[in-house]
Amino acid sequence: LRDVLRVVLRAGNRMNAGCSSGGASGFHLATLHTLKSIKGKDKKTSLLHFIVKHICDNKPELATEFINDLGPVSEASRVEPGTLRQDISFVSSNLSFLGECLKMLTSSPEKAKIFHRSAKGRWKNILQTWDELLLKFDSTLEYFGIEDQNESEPNWGALFGIWTEFGKDFAEAKTALE
């Protein structure tokens with residue numbers, strides 16, 4: 001990812017040499033979507049084609065790895081954070097309900113109690129991981145300069161959508177060059 005973004009930045013700086021936007025140390029991720037629409041003199045070759053060709057000529061394995069690495073992002077973009085929150089709530093309440101039921105049973109099997117204790121511990125770890133994921137996601141949005149419009153739910157579409165589109169555009173450009 002860093003290598004591909006570095007090539008994108010270099011191409012932009014090269015294109016903008018002598019302008020106030022030349023020599024940039026970064027760019028907005030939304031810029032990735034515009035690379036395919038910036039055309040060369042022949043009106044066919046885009047800046048994205050130039051970037052992909054440069055990568056394929058210098059590090060052919062990087063182009064393939066990049067496309068493969070972005071594959072799961074498309075799948076992740078389809079997961080709704082609200083649905084995950086509902087599922088988390090459902091499992092939490094059912095685990096609590098199981099605990100209450102086991103307390104009321106005078107002859108609850110020891111295996112059921114062991115299962116419940118184990119499940120509570122594992123569930124606590126899952127909830128901690130979820131909280132860490134949300135914090136990391138927020139810091140990722142901040143790092144890439146993407147504003148989170150919805151404070152109550154993570155805006156996965158904003159980040160994953162950019163990467164999904166860029167991955168698709170990158171793969172199409174690579175195929176067109178083969």
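## Salt bridges and a long span of helix

Asp 3 counts as partly exposed, at 29% relative accessibility. The model in which this residue sits is a predicted one. Asp 3 is a convenient place to begin, since its side chain takes part in a salt bridge with Arg 6, where the closest N and O atoms are 2.8 Å apart. Arg 6 also counts as partly exposed, with a relative accessibility of 39%. Both residues belong to helix α1 (residues 2–15), and because they are 3 residues apart there, about one helical turn separates them.

The spacing has a general background. An α-helix has 3.6 residues a turn, so residues three or four places apart point the same way. Side chains of opposite charge can pair when their charged atoms come close.

A similar arrangement can be followed in helix α3 (residues 47–58), where Lys 53 and Asp 57 lie 4 residues apart, so that about one helical turn separates them. Their side chains meet in a salt bridge, at 2.8 Å from N to O. Lys 53 is partly exposed, its relative accessible area being 43%. Asp 57, in turn, is exposed, at 51% relative accessibility; the limit for calling a residue exposed is over 50%.

Helix α7 (residues 156–177) holds another pair, Lys 168 and Glu 165, which are 3 residues apart and so separated by about one helical turn. The closest N and O atoms of this salt bridge are 3.7 Å apart, and the cut-off for a salt bridge is 4 Å. Lys 168 has a relative accessibility of 41% and counts as partly exposed. Glu 165 is partly exposed too, with a relative accessible area of 31%. Back at the starting point, salt bridges with shared partners join Asp 3, Arg 6 and Lys 59 into one network. The count of salt bridges in the model comes to 8.

Helix α6 (residues 110–143) can be checked for its span. With 34 residues at 1.5 Å a residue, α6 should span 50 Å, and its end C-alpha atoms are 49 Å apart, which agrees.

Which residues of α6 are buried? They are His 116, Ala 119, Trp 123, Trp 130, Leu 134, Phe 137 and Leu 141. What do the buried residues of α6 pack against? Their partners are α5 (81–104) and α7, and α7 is the helix that holds Lys 168 and Glu 165. After α6 comes Gly 145, which has a positive phi, near 70°.

Notes: Residues are numbered from 1 along each chain as its sequence is written. This is a predicted model: local features need pLDDT of at least 70, side-chain atom pairs count only at pLDDT 80 or more; totals for chains, interfaces and linings use all residues. Side-chain values use heavy atoms; hydrogens and water are left out. Helices (H or I, at least four residues) and strands (E, at least two) are DSSP runs, numbered from the N terminus. Buried means under 20% relative accessible area, exposed over 50%, partly exposed in between (1.4 Å probe, protein chains only). The expected span of a helix is 1.5 Å times one less than its number of residues. Contact means heavy atoms within 4.5 Å.
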